[in-house]
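Colleague: Can you walk me through this one? I have a few short questions.
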Amino acid sequence: DFLCISLVNGFTQLRYNLGDKTVILQTLQKVHANGNTWHSLKAGRVGNEGYLDLDGVNITQKASPGMNALDAHTDFFVGGVSSLSLVNSMAIENEPTGFTGCIREIVINNRELKLTATDPKGGANVGDCDGTVCGYTVCKNSGTCQVENSGFFCSCPQEWTGTTCEQSIYCSQNMCGSQALCVPQPSTFSYTCVCALGWSGKYCDSKITFYIAKFVGNSYIKYTDPYYGKRDLQYSRISVNFTTSHAEGLIVWMGKSEDEDNDFLAIGIANGTLKVVINLGEKISVPLMHSKYFTCCDQRWHFVTVVQNQTCIKVYLDEELILFEDIDPQRKYTALNYGGICYFGGFEIGRKVDVVTTGLFQKEFIGKIKDVVLFQDSKKIQLMKAEGYNVYDGNSEN
C-alpha cells in the first residue's frame, strides 16, 4: 500500500494503492515554477474515493468496489525519501527524485506537522525557507544569528567558537589523532581524546592490535555482519567469552537500535546476574534472567551462547544449559531481523545504554570480550575490523 503526492511535468499528481489497484489523480492546471508563488494543495481519500485540490480547483475520483484502508507501515516522508528503494514503482510516473522548493504548513488528519530542525524523526539536506540567511538554526550550541551584508554572523556562547559555533574552545587547538574524537572537559579547561579502534595513547597516536577487546565504560564496537543477507534468521546463534568485575553492563546487542520497532537479541549483566532479552517483533521484549545465584562479576572468563530456534530460546553459560523458554507458542514472529548490526559494550558516543535499551540494561560494559562467533560460522569475528572507540588491548594491563 502507498499514498504519494508528486510533481509530474509541472502538474500535481496523487497516487494511492490500498491493496488492489493504483488510483491516479492529476490537477488540471500546472504549478508556477518561478520560485516565488505559494500554492495551496489538499489531497487525500475517504475509503477508496480520492480528491486532489490545487488552489481551489478540485479533482475527485469516485469510489469503486474494492479495498478501502491504507495499510502502510513506514515512516512519513516529505520532500524525498531516505532510500529510493522505499518508493513503489507505481507511486510515481517517472524515476523518483527529491523535491526542490519550499514546503510549509503540512496538516495530516487535522494535525499540523512541525517543520523544525528537531521535531521530525530525521532528514537530510533541508535548509531554511523564511527568506533570511539566519533561519533553520544556522548557529549551533545556542549561538545567536545576525544578518550581516549578504551573509550572517554567529555570536557564540563563551565555550564555543567557529563560524556556526560548532567547535568547543577546548578542542580548537586539540592534538588528537586524525581518527580520534575530541571531547571537551570544561571543568578542567581541557579536553580528552577518544581513540578509534586500533589506536591508543593520550592523543590516540599509538597503533595497536588486539584479539581480546578491553572496554572501559564509554567504549563500543559496532560490527556489520557481511553474511547477513545469507543468514536464516529463524535460527540465530551468538557465542561470546567475557570477564568483568561489575554488576551492570551491556555485553552484546544484536540489532540496529535505530528505533523501538527494531528486532534485537541482547546479552548483559543486571544485578550481578546474566540477563538475555529478545524481541522478534511488535516491541514485545522478553527478558530471561538466570535464576540461580551467579557471580558473573568475579573477574573469571565466562562463555555464553544464545540459540534462537524460531521462538524457542536456549542460553548456555560455561557450556551448561541454564535457560530454555518458548517466548511465543503462537509463533507470530519467528525471525530475528537484526539488520546485520552487532554492538559490543555499548552504543555510539553520546547514546546512553539505559536510554537506547529503554531501561533493560543500565550501563556500558566494563571488562573484556573475546572469541565472538555468529551463527555456525567456522571463524570468530574480527573485532579489530569493525567500527568503534575507546577499546583497548585486553592482553596488556594498560
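Colleague: Where is S142 found?

Modeller: In this predicted model, S142 is in the loop between β8 and β9, the latter covering 144–148.

Colleague: And what is phi of S142?

Modeller: Phi is near 65° for S142, which is a positive value in a residue other than glycine.

Colleague: Is S142 buried or exposed?

Modeller: S142 is exposed, since its relative accessible area is 70% and the cut-off for exposed is over 50%.

Colleague: Which residue in the loop between β7 and β8 has a positive phi?

Modeller: That would be N110, whose phi is about 70° although it is not a glycine. The loop that holds N110 runs between β7 (106–108) and β8 (111–113).

Colleague: Is N110 buried or exposed?

Modeller: N110 is exposed, with 79% relative accessible area.

Colleague: Next, N94. Where is N94 found?

Modeller: N94 is in the loop between β6 (57–61) and β7.

Colleague: How does N94 count in terms of accessibility?

Modeller: N94 counts as partly exposed, because its relative accessibility is 45% and the partly exposed class lies between the 20% and 50% cut-offs.

Colleague: Which residues does N94 touch?

Modeller: Leaving out residues up to four places away in sequence, N94 touches V8 and N9.

Colleague: What separates N94 and I238?

Modeller: Their C-alpha atoms are separated by 44 Å, and N94 and I238 are 144 residues apart along the chain.

Colleague: Changing topic to the whole protein. How many helices and strands?

Modeller: The protein has one helix and 28 strands.

Colleague: What box do the C-alpha atoms fill?

Modeller: Taken along the principal axes, the C-alpha atoms fill a box of roughly 75 × 60 × 30 Å.

Colleague: What share of the residues is buried?

Modeller: Buried residues are 37% of the 398 residues in the protein. The accessible surface comes to about 23,200 Å², and 49% of that surface belongs to carbon and sulfur atoms.

Colleague: What about contacts in terms of sequence separation?

Modeller: Take the contacts between residues at least 6 apart in sequence: 55% of these join residues at least 24 apart.

Colleague: Which feature does UniProt place on this chain?

Modeller: An unreviewed UniProt entry places "domain: Laminin G" at residues 1–129 and 210–398.

Colleague: What does the span 1–129 look like in the model?

Modeller: Residues 1–129 are 0% helix and 36% strand, and the end C-alpha atoms of that span lie 32 Å apart.

Colleague: On to pockets. How much space lies in the second largest pocket?

Modeller: The second largest pocket holds about 1,700 Å³ of space. It is lined by 38 residues, of which V78, L115, P120, G122 and V126 are the closest to its centre.

Colleague: How does that lining of the second largest pocket split by class?

Modeller: The lining of the second largest pocket has 17 nonpolar, 13 polar and eight charged residues.

Colleague: How many cavities of 30 Å³ or more?

Modeller: The structure holds one cavity of 30 Å³ or more. The largest cavity has about 30 Å³ of space.

Colleague: Which residues line the largest cavity?

Modeller: Y16, L18, D20, K21, V23, N48 and M67 line the largest cavity. By class, that lining has four nonpolar, one polar and two charged residues.

Conventions. Residues numbered from 1 in each chain as written. Predicted model: local features only at pLDDT ≥ 70, side-chain atom pairs only at ≥ 80, totals over all residues. Heavy atoms only, no water. 1 Å grid on protein atoms, 1.4 Å probe; cavity = no way out; pocket = protein on both sides within 12 Å on 5 of 7 lines; lining within 4 Å. Points joined across faces, edges and corners; volume = space filled by probe spheres on them. Nonpolar A, V, L, I, M, F, W, Y, C, P; charged D, E, K, R; others polar. Helix = DSSP H or I, 4+ residues; strand = E, 2+ residues; numbered from the N terminus. Buried < 20%, exposed > 50% of the residue type's maximum accessible area, 1.4 Å probe, protein only. Contact = heavy atoms within 4.5 Å. Areas by Shrake-Rupley, 256 points an atom, 1.4 Å probe, with all protein chains shown as cover. UniProt positions renumbered as here; feature names shortened; annotations may be inferred.
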